[in-house]
Amino acid sequence: MDFSKLAQNLKDNGFAVSCYATAAEASDYLNSQIDGETVGIGGSMTVEEMGLYDTLKTHNEVYWHWHPEGRPAEEVRALGSRTDVFLTSVNGIAETGEIINIDGSGNRVAGMLYGHKKVYLIAGENKVAPDYDQALWRARNIAAPLNAKRLNCKTPCAVNGDRCYDCKVPGRICRGVALLWKAPTSMQFEVVLVGEKLGY
Ligand code: SF4
């Protein structure tokens, strides 16, 4: 995929950008950049598929509630919210430069807005949409239903597997959304674009 338009618009919006053809190359890069740090990870199939928890923890102090390692997941989630580095993916990224994440518990969207020294946002080519409206549509109608299905939620999107129904059920996973128009000023941001399908 040609990331040139997206990369330029992200740079114009204040984000550092790096592009890799494969997840393996992106993983090597992230492991070279993140070394000897405290690292928090927000829920992300992309990060999981890249095996970043296992590789980063060999030379960093990593907190990810998906891998609590015997501790209460909520405790690990809290520890991950106070790290120097925060890592997660995105639900939709517009070629015009906007970044969107939807969250249920809130830690993932909080982490990409405030509280760390540096945030890495990783996006496979499947997350890219032509503009903001289509990126938001993708986040709501593709990423969120697939996540609901993965979590076996009793939501209409998970049962029918087709789209968002803006449901009102207790198991609704879409409770907050973060939209980055520009890189927030309190942290360093880097978007890592990968020319492979990753996550939802
Ligand atoms: S709002 Fe409800 S129906 Fe829509 S994607 Fe989220 S959980 Fe599914």
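In what sense, parallel or antiparallel, do β7 and strand β10 pair, and over how many bridges? The first legend answers this for the predicted model, and the legends after it turn to other close-up views.

**Figure 1. Strand β7 and its two pairing partners in the predicted model.** β7 and strand β10, which spans residues 188–194, pair in the parallel sense over seven bridges. Within this pairing, Val119 has Phe189 of β10 as its bridge partner. Strand β4, residues 85–89, also pairs with β7 in the parallel sense, here over five bridges. In that pairing, Val85 has Lys118 of β7 as its bridge partner. Strands of a sheet pair through backbone hydrogen bonds, either parallel or antiparallel.

**Figure 2. Burial of strand β7 on both faces.** Seven of the seven residues of β7 (residues 118–124) are buried, so the strand is largely enclosed by the rest of the structure. In a regular strand the side chains alternate between the two faces of the sheet. One side of β7 carries Lys118, Tyr120, Ile122 and Gly124, and the other carries Val119, Leu121 and Ala123; the residues of both sides are all buried.

**Figure 3. The open four-stranded sheet.** The strand order is β8-β5-β6-β9, and the pairing is mixed. β8 (128–129) and β9 (176–180) are the edge strands, each pairing on one side only. Strand β6, residues 99–103, pairs with β9 in the antiparallel sense over five bridges. Within this antiparallel pair, Asn101 stands opposite Ala178 of β9.

**Figure 4. The shell around the ligand.** The residues surrounding the ligand include five cysteine-free positions at Arg140, Ala144, Pro145, Thr155 and Tyr165. The ligand is further surrounded by Cys157, Cys164, Asp166, Cys167, Arg172, Ile173 and Cys174. Helix α7, residues 132–150, provides the largest share of this shell, with three residues. By class, the shell has eight nonpolar, one polar and three charged residues.

**Figure 5. The largest cavity, in which the ligand sits.** Rolling a probe the size of a water molecule over the atoms shows where empty space is left. The count comes to two cavities of 30 Å³ or more, and the largest cavity has a volume of about 90 Å³. Of the 13 residues that line the largest cavity, Cys157, Cys164, Cys167, Arg172 and Cys174 are the closest to its centre. α7 gives the most to this lining, with four residues. The lining of the largest cavity divides into nine nonpolar, one polar and three charged residues.

**Figure 6. The second largest cavity.** This cavity has a volume of about 50 Å³. Its lining consists of Ile41, Tyr63, Trp64, His65, Val76, Arg77, Gly80, Ser81, Phe86 and Asn107. Helix α5, residues 73–80, supplies the largest share, three residues. By class, the lining of the second largest cavity has five nonpolar, four polar and one charged residues.

**Figure 7. The largest pocket.** About 430 Å³ of space lies in the largest pocket. Of the 24 residues that line the largest pocket, Gly43, Trp66, Asp103, Arg108 and Arg150 lie nearest its centre. Two or more lining residues come from each of α3 (45–49), β6, α6 (107–111) and α7. The largest share, three residues, comes from α7. By class, the lining of the largest pocket divides into nine nonpolar, 10 polar and five charged residues.

**Figure 8. Positive phi at Glu69 and at Asn152.** Most residues other than glycine have a negative phi, and most peptide bonds are trans. Glu69 is not a glycine, although its phi is positive at about 55 degrees. The loop between β3 (61–63) and α5 holds Glu69. Asn152, also not a glycine, has a positive phi of about 55 degrees. Asn152 is placed in the loop between α7 and α8 (156–160). With a relative accessible area of 60%, Asn152 is exposed.

Methods: Residues are numbered from 1 along each chain as its sequence is written. This is a predicted model: local features need pLDDT of at least 70, side-chain atom pairs count only at pLDDT 80 or more; totals for chains, interfaces and linings use all residues. Side-chain values use heavy atoms; hydrogens and water are left out. A residue is near a molecule or strand if one of its heavy atoms lies within 4 Å of it. On a 1 Å grid over the protein atoms alone, a cavity is a set of points where a 1.4 Å probe fits but cannot get out, and a pocket is an open set with protein on both sides within 12 Å along at least five of seven lines; lining residues have an atom within 4 Å of a point. A molecule sits in a cavity or pocket if more than half of its atoms lie within 2 Å of its grid points. Ala, Val, Leu, Ile, Met, Phe, Trp, Tyr, Cys and Pro count as nonpolar, Asp, Glu, Lys and Arg as charged, and the others, Gly among them, as polar. Grid points are joined across faces, edges and corners, and a volume is the space filled by probe spheres set on the points. Two strands pair if DSSP finds at least two bridges between them. Buried means under 20% relative accessible area, exposed over 50%, partly exposed in between (1.4 Å probe, protein chains only).
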